[in-house]
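Reader: Can you walk me through the charged pairs and the cysteines here? Short answers, please.

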Amino acid sequence: MEDDGQEELRQLALENKKLTREIRKLKKDIEFLKLANDQAARTQAYIQRDNDRQLFYNSQLLKTAANLLIITDENIFTVMVSDVFFRYAPEYDRDKIRRGVPLREALLNVMPEDDRQDLLARCALVLGGEKMEPFLLRTTIAGERQDLQISIKRMMRDDAVCGLHLLFIDMTEFIKAKERAEDADKAKGNFLANMSHEIRTPMNAISGMAEFILRDSQDAKAVKHAMMIKSASNTLLSIINDILDFSKIESGKLELIGDSYKLSSLVNVVSAMIRIRLKDKDVVLDLDVNEGIPDSLYGDEVRIKQVLINIMGNSVKFTKEGRITLSLRAEKEDDRHARLFFKVSDTGIGIKEEDLGKIFSSFTQVDTRRNRAVEGTGLGLAISQRLVQMMGGNITVSSVYGEGTSFAFDILSEVEDWTPIGSVSEKPAVARQDVFRASFVAPEARVLVVDDNEINLDVAEGILAPYKMNVFKASSGQEAVDTFRENEFDIIFMDHMMPVMDGVEAMRKIRGMPRGETAVIIALTANALSGAAAEYRELGFQDFLAKPIMPREMDKLLVRNLSPRLIVQGAKVCPSISHASSGIKAEIDIKLGMKYCLGNRHFYEKILKAFTESQDVVRLEDLYQKADWQEYSAVAHGLKRASLTIGAVKLSDGARALEYAARDGWVEFIREHHQTFIKDCEETCKFISQGGVQLV
């Protein structure tokens with residue numbers, strides 16, 4: 001019994017120890033749970049604080065956001081908005097928006113119905129998965145015009161659509177500023193157009209009358225005075241052209257026109273012009289031209305001359321005694337190009353160091369107190385710099401005040417022949433004569449000149465006099481319309497800016513009259529701004545002639561627009577169709593064709609192929625057999641354009657002659673030259689198809 005009792009006590013002691021260990025373990029677990037609970041409480045408090053912080057920042061973001069922001073759910077019900085929304089829709093509060101309002105209702109009083117429906121339709125497209133770039137919407141909000149850039153993006157959660165994000169950025173002030181800038185630019189353009197018109201109109205009379213004296217007078221003294229008048233008018237015109245050129249450069253519409261030219265002739269022409277200006281000064285002009293540079297080049301000779309004359313003209317203005325030196329050298333760039341380096345140095349008054357930085361600025365003339373008597377717009381060097389840059393070069397200046405100035409510029413030029421220039425002084429200058437002679441007469445042509453200025457009418461009549469035309473005059477748009485109603489004219493020169501009925505309105509009235517649709521109406525205007533010619537053609541004029549009227553430009557225009565049947569004195573028949581076809585393949589000007597194809601070789605090849613595959617020649621033959629001269633004229637017109645595009649100038653001239661003959665009903669001319677033209681077309685196509693046009 002005693003042993004049993006001892007055993008039981010031992011068991012109880014063991015159980016007691018075991019329970020004691022369990023109690024200690026439970027106490028440890030309780031401590032751990034307490035620590036975990038405390039940590040959880042601290043984490044929850046941190047999360048709550050972070051949530052509160054995020055909610056605070058979100059609310060501040062929505063309150064302070066400058067733009068309207070709307071977030072919707074997948075059903076396009078509102079979730080949240082920026083406070084900007086409540087300025088437009090005060091009937092809502094944030095809680096109502098948070099509970100969800102259909103977007104169509106939320107925007108009910110915010111924007112007009114049409115704009116709202118357009119926006120909702122876009123939202124539906126974006127929800128459906130269509131990507132949409134930000135778009136501009138001009139609408140009315142709270143009665144005021146607003147230009148909004150709207151961005152609509154789809155929101156995703158776990159690969160599921162959960163709503164839309166709409167951001168409205170107010171672009172109103174930006175758009176208004178842009179419109180003000182455009183209005184200012186338009187005002188500048190209108191000012192330049194008006195200035196051009198107001199100055200060129202009297203210049204037309206001055207230049208025209210001087211031209212008549214030079215052409216008709218035998219009095220040496222009168223001719224001398226006329227030359228002085230013409231020189232002064234050309235100076236004034238050059239100032240106007242400087243301003244207009246700068247306008248073209250600013251608008252990006254000034255183009256370089258490439259052609260073949262002789263560098264020796266360019267240098268001699270420029271130097272001859274400068275020597276004339278130096279005749280009353282104790283200044284010597286020296287030429288330092290490297291004899292090894294190539295002479296035959298391809299580029300814009302007129303613009304190179306313009307740069308040289310601007311720079312050397314400055315040297316003439318500011319050099320009272322000493323020398324002006326024109327230096328020229330070249331470096332070969334590759335097998336087809338050379339870089340020309342020009343330098344003009346003088347012993348003039350020089351430029352202060354602080355003024356060198358603004359020498360190429362627009363409308364700026366440095367040291368104006370000292371140079372008050374010097375004429376000019378301050379645009380010459382600014383234009384020269386732009387032109388040089390367009391020709392792939394750069395222009396620099398260095399000067400010592402009181403001792404002289406040097407301008408240097410380089411241009412990249414295409415070389416047609418690497419034969420050295422040799423001695424420039426031994427090569428004659430190829431310059432135009434001052435007195436122009438008409439290239440033909442047209443005694444049967446009837447011309448109407450319309451201008452509200454009596455002197456301009458007299459000038460136009462005088463310039464047309466050598467052509468022996470029958471010239472009629474009208475001093476208003478209405479008089480032009482009335483005169484056309486009773487008479488037929490081969491060409492109408494229409495002034496633009498006339499009171500009561502301007503030239504555009506008069507032209508449109510004539511177009512609506514019998515024979516008016518095909519009448520050749522030329523815009524005669526003092527507006528010589530960039531793009532003017534294209535604008536007048538878009539209005540309905542066939543061509544454009546700027547005042548003051550230059551006789552050579554008039555001659556070219558008459559050749560372009562006068563019917564061949566009216567032109568006599570060796571020019572009645574177009575040279576390209578006045579003989580049997582022979583060597584027409586040599587008449588394809590590849591450089592001209594490449595120019596029309598923007599220098600793109602593959603495009604030019606494509607145009608050549610299209611020309612050979614065209615059915616226009618077959619159609620022309622068919623129309624000839626049918627004697628359908630109206631359609632014949634239209635097809636010939638197309639062939640004229642197509643031929644010129646590939647560089648077949650004489651073929652284009654032949655098509656033009658046939659086009660005009662068909663238009664005027666001159667069937668005899670067509671029957672005489674049609675087959676020759678068809679043969680020339682076939683020979684040209686054959687030549688192209690056999691690979692005769694070789695592109696380097």
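Author: Let's start with a network. Arg138, Arg145, Asp147 and Glu179 are linked by salt bridges. A salt bridge here is a side-chain nitrogen of Lys or Arg within 4 Å of a carboxyl oxygen of Asp or Glu.

Reader: What kind of model is this?

Author: A predicted one: local features need pLDDT of at least 70, side-chain atom pairs count only at pLDDT 80 or more, and totals for chains, interfaces and linings use all residues. Residues are numbered from 1 along each chain as its sequence is written, and side-chain values use heavy atoms, with hydrogens and water left out.

Reader: How many salt bridges does a search of the whole structure find?

Author: The search finds 25. One of them joins Glu414 and Arg336, at 2.9 Å from N to O. That pair links distant parts of the chain, 78 residues apart. Glu414 sits in strand S12 (residues 404-420). Arg336 is in the loop between strand S9 (321-332) and strand S10 (337-346). Strands (E, at least two residues) and helices (H or I, at least four) are DSSP runs, numbered from the N terminus.

Reader: Is Glu414 buried or exposed?

Author: Buried, at 17% relative accessibility. Buried means under 20% relative accessible area, exposed means over 50%, and partly exposed is in between (1.4 Å probe, protein chains only). Arg336 is partly exposed, at 38%.

Reader: Which residue does Asp410 pair with?

Author: Arg339, with the closest N and O atoms 2.6 Å apart. Asp410 is in strand S12 and Arg339 in strand S10, so this salt bridge ties together parts 71 residues apart in sequence. Asp410 is buried at 14%. Arg339 is buried too, at 15%.

Reader: Switching to helices. Where are Glu613 and Lys609?

Author: Both are in helix H17 (residues 601-613). They are four residues apart, which means a separation of about one helical turn. Their salt bridge has its closest N and O atoms 2.5 Å apart. Glu613 is partly exposed at 46%, and Lys609 is partly exposed at 49%.

Reader: New topic. How many disulfides does the structure hold?

Author: Zero. The cut-off is a pair of cysteine sulfur atoms within 2.5 Å. Cys685 is in no disulfide.

Reader: Which cysteine sulfur is nearest to Cys685, then?

Author: That of Cys681, 6.6 Å away. Cys685 is buried, at 15% relative accessible area.

Reader: And what about Cys123, buried or exposed?

Author: Buried, with a relative accessible area of 0%.
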